[in-house]
Amino acid sequence: MVIAAPLLFALAAWFLGTAAVVWLNSRAPATFARSLRIGAVLSLAATLWLAVLVRDPSPAAAYAAFAAAIVIWGWHELAFLTGAVMGPNRTLCPAGLAGWPRFRAATATVIHHEVALAAHLALIAAIGWEQPNQTATAAFAALFVLRLSAKLNLFLGVANLSDEVFPARLAYLKSYFGARRWTPFYIVSLIGGGWLIWTGWTMAQAASGGAATGAMLVTGLATLGLVEHALLMLPLSDAAMWRWASAAHTSGVRPAISIDERG
């Protein structure tokens, strides 16, 4: 079974997809509507293409389905980072708010976007139901789980919040972040990420053809997600890594963040 090629492809797709979202999100707000319209067309085309790809069990179709999932995900993340699809609550966290009320308020800042992602995941799963090529469903599901995990970790608190990477228009979200600390949920997240990697690797070893390729692609994606989770506790900033891709880096505007994480 080929291992290196799917892992490198997953890394390249993640890197290029994130760079594209960073660049589009860092342009003038007047360009957002056009970027979202073009992204919507590409996302629709990718979704329709999946209806053909899911019936093809070849490795080439697995690569194509993975790429389609990244395109769809990138459009959703752009919609979030530009502020087009967020939630009904777009205000700072009230002082002293804690416990369940704070969680509800935080959820209300992003709920529309999470529902949109869940709905698109359900559509992709329905398109691929009982079909031989499950790569897109698995990849999109992995991205969705990694996103929810990262969001919950930021809410509960992590040692490295990396809050400098948020666009100014989303600065109010930082008021819902937890304290800089380690939490039991973070440990659970790392264990879950490791399990996801192990599961993907095991499935790839037991399969062949397109199924093996798809499993390795998702394994690569899960590995990247685990690395980004690790960065939540390390004194390192991922903003510098993407500053080169920002259309506004010369004016000091901070770039956005990875498509498969804190979105």
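Start with the lining of the largest cavity in this predicted model: by class, it has five nonpolar residues, five polar ones and no charged residues. To see them, select L50, V54, I124, I127, G128, N133, Q134, T135, A136 and T137, which line the largest cavity. The space inside has a volume of about 30 Å³, and the count of cavities of 30 Å³ or more comes to one. How do you spot a gap like this? Rolling a probe the size of a water molecule over the atoms shows where empty space is left.

Now colour helices α4 (99-127) and α5 (135-156), since each supplies at least two residues of that lining. Which helix gives the most to the lining? That's α5, with three residues.

Next, hop to the loop between α4 and α5 and click on E130. Check its backbone angles: phi of E130 is near 60 degrees, a positive value in a residue other than glycine. Most residues other than glycine have a negative phi. Is E130 buried or exposed? Turn on the surface and take a look: E130 counts as exposed because its relative accessible area is 71%, and the cut-off for exposed is over 50%.

For the last stop, stay with the surface and select I38, L42 and V71. Together they make a nonpolar surface patch of about 250 Å². Zoom in on V71, which you'll find in helix α3 (residues 59-81). With a relative accessible area of 36%, V71 is partly exposed. That value is enough for a place in the patch, because patch residues need over 30% relative accessible area.

How values were computed. Residues numbered from 1 in each chain as written. Predicted model: local features only at pLDDT ≥ 70, side-chain atom pairs only at ≥ 80, totals over all residues. Heavy atoms only, no water. Patch = residues over 30% accessible without salt bridge, like charges linked within 9 Å, V, L, I, M, F, W, Y side chains within 5 Å. Areas by Shrake-Rupley, 256 points an atom, 1.4 Å probe, with all protein chains shown as cover. Salt bridge = Lys/Arg side-chain N within 4 Å of Asp/Glu carboxyl O. Helix = DSSP H or I, 4+ residues; strand = E, 2+ residues; numbered from the N terminus. Buried < 20%, exposed > 50% of the residue type's maximum accessible area, 1.4 Å probe, protein only. 1 Å grid on protein atoms, 1.4 Å probe; cavity = no way out; pocket = protein on both sides within 12 Å on 5 of 7 lines; lining within 4 Å. Points joined across faces, edges and corners; volume = space filled by probe spheres on them. Nonpolar A, V, L, I, M, F, W, Y, C, P; charged D, E, K, R; others polar.
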